[in-house]
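Thank you all for coming; I would like to spend a few minutes on how two chains meet, and then say a word about cysteines. Please have a look at the model first.

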2 protein chains.
Amino acid sequence: MRSSQYLLSTMKENPADAEVISHKLMLRAGMVRRLASGLYTYLPTGVRTLRKVERIVREEMNKAGAIEVLMPMVQNAELWQETGRWEHMDAELLRFKDRHQRDFVLGPTHEEVITDLIRREVTSYKQLPLNLYQIQTKFRDERRPRFGVMRAREFLMKDAYSFHLTQDSLQQTYDAMYQAYTRIFTRLGLDFRAVIADSGSIGGSVSHEFHVLASSGEDAIAFSTSSDYAANIEMAAALPPSSKRPAASASLQKVATPDANTLEELAACLSLETSHLVKTVLVHAHHDTEDNATKDNSVQLIALVVRADHQLNHVKAEKHPLVASPLTLATDEQIKALLGSATATIGPVGLKVPVIVDHSAAVLADFSCGANEDSHQLVGVNWDRDITDYQQADIRNVVSGDASPCGSGTLEIKRGIEVGHIFQLGDKYSQAMKAGVLNEAGKNQILTMGCYGIGVSRIIAAAIEQNHDEYGIIWPDTIAPFQIALIPMNMHKSTRIQQAAEQLYNELTAAGFEVIFDDRKERPGVMFADMELLGIPHHIVIGERNLDQQQVEYKHRRSGSKEMLDIAQVVAEMTTRVQI
Amino acid sequence: MRSSQYLLSTMKENPADAEVISHKLMLRAGMVRRLASGLYTYLPTGVRTLRKVERIVREEMNKAGAIEVLMPMVQNAELWQETGRWEHMDAELLRFKDRHQRDFVLGPTHEEVITDLIRREVTSYKQLPLNLYQIQTKFRDERRPRFGVMRAREFLMKDAYSFHLTQDSLQQTYDAMYQAYTRIFTRLGLDFRAVIADSGSIGGSVSHEFHVLASSGEDAIAFSTSSDYAANIEMAAALPPSSKRPAASASLQKVATPDANTLEELAACLSLETSHLVKTVLVHAHHDTEDNATKDNSVQLIALVVRADHQLNHVKAEKHPLVASPLTLATDEQIKALLGSATATIGPVGLKVPVIVDHSAAVLADFSCGANEDSHQLVGVNWDRDITDYQQADIRNVVSGDASPCGSGTLEIKRGIEVGHIFQLGDKYSQAMKAGVLNEAGKNQILTMGCYGIGVSRIIAAAIEQNHDEYGIIWPDTIAPFQIALIPMNMHKSTRIQQAAEQLYNELTAAGFEVIFDDRKERPGVMFADMELLGIPHHIVIGERNLDQQQVEYKHRRSGSKEMLDIAQVVAEMTTRVQI
């Protein structure tokens, strides 16, 4: 491709409205342009990378036995009403009416459509298992779309859905998808990890997320330093401390702390380590029957206690049988009804609600907690002596240095960007939609399902978050918009340079390489900067002086290393250097 | 692909709700399933064909110098308001609001989005010409979606848009697209014609449609028998007859025709050929100013007169300067106000409105027309004597046998399905959206545009309309879901058959062929019928008796011819027979 006939659209300046580096670089490199909030047009270089990611995903899905289908983006409301998601999903599900005033949605996902298809098409156990996927445009009306294509409203996704008679069969396909995802992200050239994940609102039990590791990632992931254990921090179990609780040695006292506004100030004021303070959060209790679950002041509360230097883990907390899901904080009014005043300085001593204590907080002795009174702490607090009715659970986020729950090594925390997620759904959708087949015994049996997603367009942003420097993007070879940048210096003033460039361009493209031939009338510095910004992995620079020796300069974008190549050897050299 | 692990979903019976053969066969062959009105899920075989069509289109667009982009399906209303289409388009443009109550549309086409992009990104004549395309999902909320994917609401389209400084440059790209389309439809293996077309409401002047010829086509196309002239019947000029009008010989008389209900009955009753009767249609006249164009009874009418055996051509009529566009028939009330009664038996004699006569009707003498009175005809009517104020124009459809307007040969009429359309748009959108660049003189100049569409999903239906028989689809090799059907007879009872089949399957797939290996436990008749229905072009049947001679039976789906092949020669034979 000749850049003079292409739409490069690079920008020198950082765009003002982009917050993260991938968004900035995708705008600057001319990969995307914003049409409206969360809506992006992919420019030529953006589409090239998008199609490459798509192709790798498709090839690996086919290899893994998944079969491609294509479902509509516009879906009729009836199916969503059947599963209850029409009512339960928030405004992220974009609902609209067609010209005949019938209700539709713009598909954010396709569980309903595929389950409807399968219940019509598949009638016998002989047709199972079946794993169907599509690569298709999705729409989620995010309240606050941001970070460019990382969290766009319209985006490209690979979604697969598998159908089974047995858990064993589901596990087999799940494992095959796990392996396919591993191959996909390996081929994409990304540093990634599969982590144990929460299946959240989509339903089901077992689930793994695939994260591209990047310091800018939104998610925290806990790794074992000495095994391949990895889990989303929401899911990483914090083991109970092996140490025993020391005996109580101090007596219970109330202390005024009028000037302490931060945890550190409070600890200093009490002459304690922050790890010897606990924080207490009041939340709604779980109700067995729905009619009790009104959110008036009579709602029952639960106290959650963690060490002040730890963080409460919402996912773990709301999975506790005593706690309402989703986790709901007590209102000021509810706290006032309980304590007589709407204080934020809460503690478990004397509290007339059930108390759940994190294991790490439960091994403290002579610790400090809120006195249920503004600007007052209790010190010398001890479990069993001062608080007799409580239970222990794991309700905190793990921290770096915790023992790994796999039993081997300690945990390390890294940041990741979620680009894939696989779920064992069970029968949540098949049950609601009565999707069953005749089993070997001739009886109707509800199907067991799995679902498997990859954020195709999101991968591009994640790849850039992981692969960039101050000059721009550094593409892995397999998803670079072009493999080679051919940069002739001052070609328009030198017939010799032009001839050498044209010949090399013809030879490289004939050998099957994807070359961007920078034939613009630009200064060399502009061309170098654009090709670095674009992240083209291999640069070949043609200059007068080197041409005297029948040589060109080769530059590797990632390492920055430069070397001279004989012009006759360029094609052969590229064949060994360009990864496909 | 082993059919036992695939989702074939074939059906024996013709589905009740399908009207056209392609829709019936796509349902029966398990290519698509209806989700809701005009919304279809593509099943595995449907997706395979869709992706093949898509690939051929993409390859040829790239070769022709078009550059791929991808624009959002969801578009903000502001752009559509700028060009006025937000107000002027009917309910086919699906409008909706997002969660913040902002207006959006589901893109039926992308002139606005691309023109907005170009006016931002392209600032200098040096960046032109530019031809950008995408292959993307469109939505048109058709009032009555029908014929399966032929006229669906959600569909896959290739749309390209080119931008130029001069008409010459536009013509060059237009010609390149014409050639690319010709290559595309040739590679797709379809019998097609490029025809001169009306550019309709999208704007612009020059335009060609590409039609797949099929007797079931919705459109009529006129061809010259001895040149390559071809035009949509809307656009084919009917030359004035070379014969002169005979002299008047009969006197004007009014005749009662109480029992004549059809044209033939009327002609018989009057002892005339149908070609000696004329029919007269009253339509609204064109108004210069908008405020006169109210559709009340005071609207001015025009009489259009064509031979009774000819058809009025609406496109030609509404292009006449006296006639309102779009063509609007007079209401009963308007006819009553003109004639005193709301009769349908209208004729030009004594009519107090302007009369436009088709050339063929204007050479009649002693003809018959309506008497402007129910069940009464005038006979012995003659122009100039009985109707003195009229003008002639070409306002009829051509018919088979008419002289070709190219000057060579006569016209023949065939049916076609429109699968592509190229337009020279001019500055309709660039003017409305102020899309200009600095030209060589340093002045701002509004761009000239072309646009070029291909109905990717529609091609599948059109290919089937053209290529089928009583047993099912007959795919051209290049877009068949599989190239080869491997059909072992009673494999589950014979180890020898199974071994031969497995070996051939491995050899054929290793050679790069796309094979559907029918390994189901089905009777041979069921397998043959399914593979014929699916339209797989090349069938290889493995049976016990032939295997004794180390042979298999080869069947060519289209010709139906069968022959024996040495099993060792199958791969080599397929290499010459399968077209890629």
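**The interface between the two chains**

Chain A and chain B bury about 4600 Å² between them, and carbon and sulfur atoms give 61% of that area, where buried area is the accessible area, taken with a 1.4 Å probe, that two parts lose on being put together, summed over both. On the side of chain A, the residues that lose the most area to chain B are L35(A), L70(A) and R99(A), which together make up 16% of what that side buries.

Before I go further, a word on the source: this is a predicted model, in which local features need pLDDT of at least 70 and side-chain atom pairs count only at pLDDT 80 or more, while totals for chains, interfaces and linings use all residues. Residues are numbered from 1 along each chain as its sequence is written, chains are lettered from A and ligands numbered from 1 in the order in which they are written, and side-chain values use heavy atoms, with hydrogens and water left out.

How are the two chains related? Chain A is superposed on chain B by a rotation of 179° with 0.1 Å of shift along its axis, at an RMSD of 0.4 Å, the fit being by least squares on the C-alpha atoms of residues with pLDDT of at least 70 in both copies. That is the relation of a two-fold axis, and within chain A the C-alpha nearest the axis belongs to F96(A), at 3.0 Å from it. Both copies use the same surface, since 100% of the contact residues of chain A recur in chain B, contact meaning heavy atoms within 4.5 Å. In number, 54 residues from chain A and 54 residues from chain B take part.

Turning to the polar side, there are six salt bridges between chain A and chain B, each a side-chain nitrogen of Lys or Arg within 4 Å of a carboxyl oxygen of Asp or Glu. One of these joins R153(B) to D98(A), with the closest N and O atoms 2.9 Å apart.

Finally, the cysteines. How many disulfides does the structure hold over all chains? There are zero, a disulfide being a pair of cysteine sulfur atoms within 2.5 Å. For C269(A), the closest cysteine sulfur is that of C369(A), and at 14 Å it is too far for a bond; in chain B, the sulfur of C269(B) is likewise 14 Å from its closest cysteine sulfur, in C369(B), too far for a bond.
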